[in-house]
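Welcome! Take a moment to look over the sequence and the 3D structure, and then we will explore them together.

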Amino acid sequence: MYINRKKGVLKFISSALYDLPVPKNLNFWWNFGSMLGVCLISQILSGLLLVVHYTPHVDLAFDSVCHIVRDVPNGWFLRSYHANGATMFFVCLYIHMGRGLYYHSFYFTKTWMIGVSLYLFSMAEAFFGYVLPWGQMSYWGATVITNLLTAIPYIGDMLAQWVWGGYTIGDPTLKRFFVLHFLVPFLMLVMVMIHILYLHDHGSSNPLGVSSDLDWYSFPSYYSTSDLVGILGMVSINVGVCLVAPDYFGNAANFIKADPMKTPIHIQPEWYFLFAYSILRSIPSKGGGAFALLMSVTILYFLPLTPRTYFRGLAFNVVGQVYYWLFVVDFVLLSWVGTCPVEEPYILLGQCLTVFYFSYFLTAWKVCSSWEYISGLVKPNLSVS
């Protein structure tokens, strides 16, 4: 009985990983999913090593980070690899999500929903981790973001005080963020497994958006080798950044210990939050800005509800491709505006970019379906009943 169970488990693992059928024409953009998995595991392992030397206390957190960098053998590299690993994680994540938007992978509803939830957890995890060094930008960035809770009618102030553990950000806040930063990655690992199970249930999407049930490869050894090349390239880049410019993506203000009495001239989050931060700043109302910030991410949950076009993906849709790349440019410009001062012309530019950002999710399917009929890819049904 035990042997039969063992064979059943091995057969399930083999069918989910080794014998998985995949389309023959997958390209390099499909590598970023496996690269994300390696990123997550490396972040967990490096975080476990860092936590041995970190002290979650407002008087000791900044000094403990300095101790890791200066006194712990190779601590400077470990801390830099963990910090820059977050940057690599979000680079891979945004490319992975961009590929899903381009090829309309969001119509695989269960897989997409778990993926968007992982994105939200990743943003929360990065935010918690950014607060832990307790530098100037960590403290004031946390102050700005958590204060958004007060925009919620009736219960906003109560929620903010519950998160803070008092009437302002302090030691209880740092300890809570530390615990969450430690636990959330393990929850993400479980969600990744569910994400992979749903993906293997319906199979990988095809770049052409057509069925490939009769034309496929087994996952090894071609795609496993391709994934390995991408993973080695990603790790090499991260190690290279750590060796050449370990603090390139850091903010200079965060090398100063947090001072509640001295507000930085320009508060800004890490680059992977800048697009949402720019959207937040574009709305004059605090409540409206907080709602727009929330919707800038949660709007991804509604993409599976959009009407389906005849061809899944943009491989044959020229107008859809142009519209998609305009959206990518809009995303980049929103991130750049987030680094600029809150003054004209950046306020107006941010508002225009925000309108285009949301309009893309509302109108992209209509633009794609209209072009299919105009170009003759799909013939309209003119029969009269």
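## An enclosed space

Let's begin inside the protein. L101, H104, F106, Y107, L303, T306, L314, Y360, F361, A364, W365 and C368 line the largest cavity. Keep in mind that this is a predicted model.

How can we find such a space? Rolling a probe the size of a water molecule over the atoms shows where empty space is left. The structure holds 3 cavities of 30 Å³ or more, and the largest cavity has about 120 Å³ of space.

## Who builds the lining?

Which helix gives the largest share of the lining of the largest cavity? That is helix 13 (residues 346-374), with 5 residues. Two domains also take part: domain 1 (23-206 + 215-253) and domain 2 (268-376) each supply at least three residues to the lining of the largest cavity.

Now sort the lining by class. In the largest cavity, 10 lining residues are nonpolar and 2 are polar, while no charged residues are found there.

## The two sides of helix 7

Next, turn to helix 7, which covers residues 156-164. Which of its residues are buried? They are G156, A160, V163 and W164. These buried residues sit on the same side of helix 7 because they cover an arc of only 95° around the axis.

Look at the other side of helix 7 and you will find M158 and W162, which are exposed. To finish, step just past the helix: G165 follows helix 7, and the phi of G165 is positive, near 75°.

Notes:
Residues numbered from 1 in each chain as written. Predicted model: local features only at pLDDT ≥ 70, side-chain atom pairs only at ≥ 80, totals over all residues. Heavy atoms only, no water. Buried < 20%, exposed > 50% of the residue type's maximum accessible area, 1.4 Å probe, protein only. Helix = DSSP H or I, 4+ residues; strand = E, 2+ residues; numbered from the N terminus. Arc of directions from axis to C-beta. 1 Å grid on protein atoms, 1.4 Å probe; cavity = no way out; pocket = protein on both sides within 12 Å on 5 of 7 lines; lining within 4 Å. Points joined across faces, edges and corners; volume = space filled by probe spheres on them. Nonpolar A, V, L, I, M, F, W, Y, C, P; charged D, E, K, R; others polar. Domains from an automatic or database assignment.
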